[in-house]
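I opened this model to follow one residue, then the helices around it, and then the chain as a whole. My entries are kept in that order.

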Amino acid sequence: MVEVGDAPEVGSVGGDMTAQKYVEGRLAQYQEWYDVKATRMKAMHLRMRTVSVVGGALVPVFVNLDAAFARVAATVLSVVVVAAVSLESVYRYREQWKNYRSTEQLLGHERVYFETRVGPYRELSRREAFTVLVARVEKAIANENAATLNVMTLGGQVGADVQPSAQPRSGAGAGAGVGSGVGVGAGSGAGEVAVARVG
């Protein structure tokens, strides 16, 4: 069972890594890890939203009842709703779910592109294709780590706070740091995700 914070460990070290070992080991391992995390974060997000919506709808009902238990029930329900909304704002399950799912999808696309030699792998030698695959996958993992750190620390404000306001945010390298989102090759500004997000 994968626990929170348990990223897969790096496989072989050194130059003896083959394309097959990398794809079946590290790439597949990370893809599975991101899938588990995305599923867990989606479930937590939906639970918190359900508690908030249902609880918020029931509070007025209890307030308008003339029963003795209604006042206590309304108070308890209000506290539960506030707790659910507060926890969602602290842990940002929705943003984590989107980051993990988009990265998992990106890794899957990269694997298919590599194995079928299309897209960025077209007309490359086997060794060159493997080198490009490793670079793109590792960049996607690093970008996801930065995006999650950004979401969990300042709620998406790191990129806006770090960049001077006079500096333009366009160009090829604009999305290369913390807050660049998830994706290989780019985003155009802080907090953007360069890959379509799917549930």
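**Notebook: a glutamate and its helix**

I looked up E110 first and found it buried, with a relative accessible area of 2%; buried here means under 20% relative accessible area, exposed over 50% and partly exposed in between, with a 1.4 Å probe and protein chains only. I note that this is a predicted model, in which local features need pLDDT of at least 70 and side-chain atom pairs count only at pLDDT 80 or more, while totals for chains, interfaces and linings use all residues. Residues are numbered from 1 along each chain as its sequence is written, and side-chain values use heavy atoms, with hydrogens and water left out.

I placed E110 in helix α3, residues 93-116 (helices are DSSP runs of H or I with at least four residues, strands runs of E with at least two, numbered from the N terminus). Setting aside neighbours within four places in sequence, I found E110 in contact with Y121, L133, R136 and V137, where contact means heavy atoms within 4.5 Å.

**Helices α3 and α2**

I checked the span of α3: its 24 residues should cover 34 Å at 1.5 Å a residue, and the end C-alpha atoms are 34 Å apart, which agrees; the expected span is 1.5 Å times one less than the number of residues. After α3 comes R117, with a positive phi near 55°.

For α2, also of 24 residues, I read 36 Å from first C-alpha to last, close to the 34 Å expected. R92 follows α2 and has a positive phi near 50°. Buried in α2 are A70, A74, L77, V81, A84 and E88, and their cover includes α1 (19-63) and α3.

**How the two pack**

I found α2 (residues 68-91) and α3 packed at about 40°, with axes 6 Å apart; axes are lines fitted to C-alpha atoms, for helices over the stretch in contact, and angles run from 0 to 180 degrees between N-to-C directions. The two helices are therefore oblique to each other, given that angles under 35 degrees count as roughly parallel, over 145 as roughly antiparallel, 65 to 115 as roughly perpendicular and the rest as oblique. L87, E88 and Y91 of α2 meet Y93, R94 and Q96 of α3.

**The chain as a whole**

I counted five helices and zero strands in the protein chain. Of its 199 residues, 32% are buried. Among contacts with a separation of 6 or more, 65% join residues 24 or more positions apart.
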